[in-house]
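Trainee: I would like a close look at one part of this model. Please take me through the metal site and its surroundings.

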Amino acid sequence: MDTPLPIDPGARRAILDAVAALEGEAVALLARLVRHRSLLGQEQSCLEDMAAAYAESGLAPFRVPVDAAALAGHPGFSPPLIDYAGRDNVAAMHRPRAARGRSLMLQGHVDVVPEGAGDLWATPPFEPAVRDGRMYGRGAGDMKAGLVSAVMAWRALRLAGLQPAAELQMAAVIEEECTGNGALAVMQALPRPDACVIPEPGPGFTALYVAEVGVVWAWVTVTGRPAHVRDMQAGVNAIEAAYVVAQKFKEYETAMNRAEHRHPAFAGHNHPINVNFGTIEGGEWNSSVPTRARVGLRVGVMPGRSCRDVAREIERLVADAGTDPRLAGARLAVAFRGFMADGAVFDPDQPIARAVADCHRAVTGQAPRHYAAAALTDARFYTLYGGAQATCYGPEADSIHGIDESVGLAAMHEVTRVLALTIAGWCGIEPTQ
Ligand SMILES: [Zn+2]
């Protein structure tokens with residue numbers, strides 16, 4: 001069964017009318033979610049709100065813990081940054097009376113990245129503000145609007161007196177921004193769906209993802225030799241040494257973006273592989289040569305390459321940096337915690353991608369724009385390890401991970417319409433009674 005089940009015009013009209021009737025509630029739910037400062041380790045109140053949203057929609061939400069010991073042997077598992085106690089994911093499932101269609105997972109993550117310099121924001125990052133049809137706030141685009149679209153799409157079907165004629169799963173997960181272990185735990189705990197769609201945002205346009213890079217997080221610790229600055233030559237400055245290491249990584253980044261290293265999905269991309277120096281800590285005193293510095297790095301992985309091979313390359317780069325004469329006497333160590341993730345390709349011709357694209361065309365009159373992402377999402381799990389079709393499709397957003405992040409509310413409603421029709425076409429529909 002490869003083509004979407006036909007939706008009769010009356011049902012389609014009823015579904016689209018229901019989405020329109022729910023627009024006010026959708027914006028209110030988005031504001032509710034943005035208010036939660038759901039950083040790593042602080043996701044629970046937002047998850048509780050998502051559980052409430054599922055319950056208000058007639059589903060019975062349940063918790064899905066992340067059992068790190070049980071997942072540790074899985075090839076998609078990433079070394080955690082913090083403990084999982086009290087940090088469960090939330091999921092919900094609809095089961096049809098008669099399963100006729102294909103099952104579907106609509107998933108999103110509640111975790112957000114730090115707001116950066118809060119004083120640079122036009123309005124405070126966790127006080128949702130609507131200006132010119134956009135909602136501003138950290139996580140508004142990435143990806144609380146997508147969580148809203150998914151639950152509202154389901155709710156619209158119900159409001160139209162319909163329900164999916166196949167299992168529909170929904171989940172709100174943790175740690176999409178650092179490991180993906182929340183999504184992995186959910187995938188392992190629930191029945192395997194035929195397809196998964198994650199409403200991750202598009203970069204300034206509503207996008208259908210066709211590929212994404214993988215990511216490795218590495219932590220490089222440089223131990224120098226402390227000295228008083230008056231004897232600076234006697235010491236090895238750990239922070240300056242970290243700078244030498246950084247230069248090696250920038251050379252690596254340049255090489256990895258050359259045409260011969262590119263997957264075809266990224267042929268037109270100007271810089272798919274990014275090495276980001278995200279954090280640096282070190283030093284003790286302005287007048288002491290610093291003893292130790294630690295740099296937190298994020299290194300992109302081209303689809304088709306193994307993240308573990310890239311981890312070995314990172315180790316080699318650091319070892320190579322250690323032979324630089326400027327680092328004589330310094331000690332270098334690498335640790336891997338956080339993302340150890342392969343890239344993925346989401347074939348635009350797979351049935352779920354075609355189903356989403358068809359519904360996007362039905363709603364907007366145009367084909368969705370394809371997007372090969374230089375960042376990663378949780379959709380990789382279903383493609384790489386789940387034996388399920390997967391893609392991301394979500395509303396246009398601006399400045400995700402930046403200052404004044406925002407999402408277009410019209411785009412969010414449009415994505416809700418597309419997801420509602422996608423559920424109907426993919427799963428089939430049956431009357432609620
Ligand atoms: Zn995201």
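Mentor: What follows starts at the metal site and then turns to the backbone. Keep in mind that the model is predicted.

Begin with the zinc ion. Its protein donors are His109 through NE2, Asp142 through OD, and Glu200 through OE, with Glu200 (OE) listed twice. They lie 1.8 to 2.7 Å from the zinc ion. The angles among the four donor atoms run from 53 to 149°. Four donors count as tetrahedral only if all angles lie between 85 and 135 degrees. The site is irregular.

Now look at the sequence spacing. The donor residues follow the pattern H-x32-D-x57-E. Aspartate 142 and glutamate 200 are 58 residues apart and link distant parts of the chain. Aspartate 142 sits in helix α5, while glutamate 200 is in the loop between β8 (195-198) and β9 (202-203). Both aspartate 142 and glutamate 200 are buried.

Next, the backbone at the donor. A cis peptide bond joins aspartate 142 to methionine 143, with omega at about -10°. Methionine 143 also belongs to helix α5, which covers residues 140-159.

Two other backbone features deserve a check. Histidine 401 has a positive phi, near 65°, although the residue is not glycine. Histidine 401 lies in the loop between β21 (396-398) and β22 (406-408). Aspartate 404 is in the loop between β21 and β22. Its phi is also positive, near 60°, again in a residue other than glycine. Histidine 401 is partly exposed, at 43% relative accessible area. Aspartate 404 is partly exposed too, at 22%.

How values were computed
Residues are numbered from 1 along each chain as its sequence is written. This is a predicted model: local features need pLDDT of at least 70, side-chain atom pairs count only at pLDDT 80 or more; totals for chains, interfaces and linings use all residues. Side-chain values use heavy atoms; hydrogens and water are left out. Helices (H or I, at least four residues) and strands (E, at least two) are DSSP runs, numbered from the N terminus. Buried means under 20% relative accessible area, exposed over 50%, partly exposed in between (1.4 Å probe, protein chains only). Donors are N, O and S atoms within 2.8 Å of the metal (3.2 Å for Na, K and Ca); water is not among the atoms, so sites may look incomplete. Four donors count as tetrahedral if all angles lie between 85 and 135 degrees; four count as square planar and six as octahedral if opposite donors are over 155 degrees apart and all others between 65 and 115; anything else is irregular.
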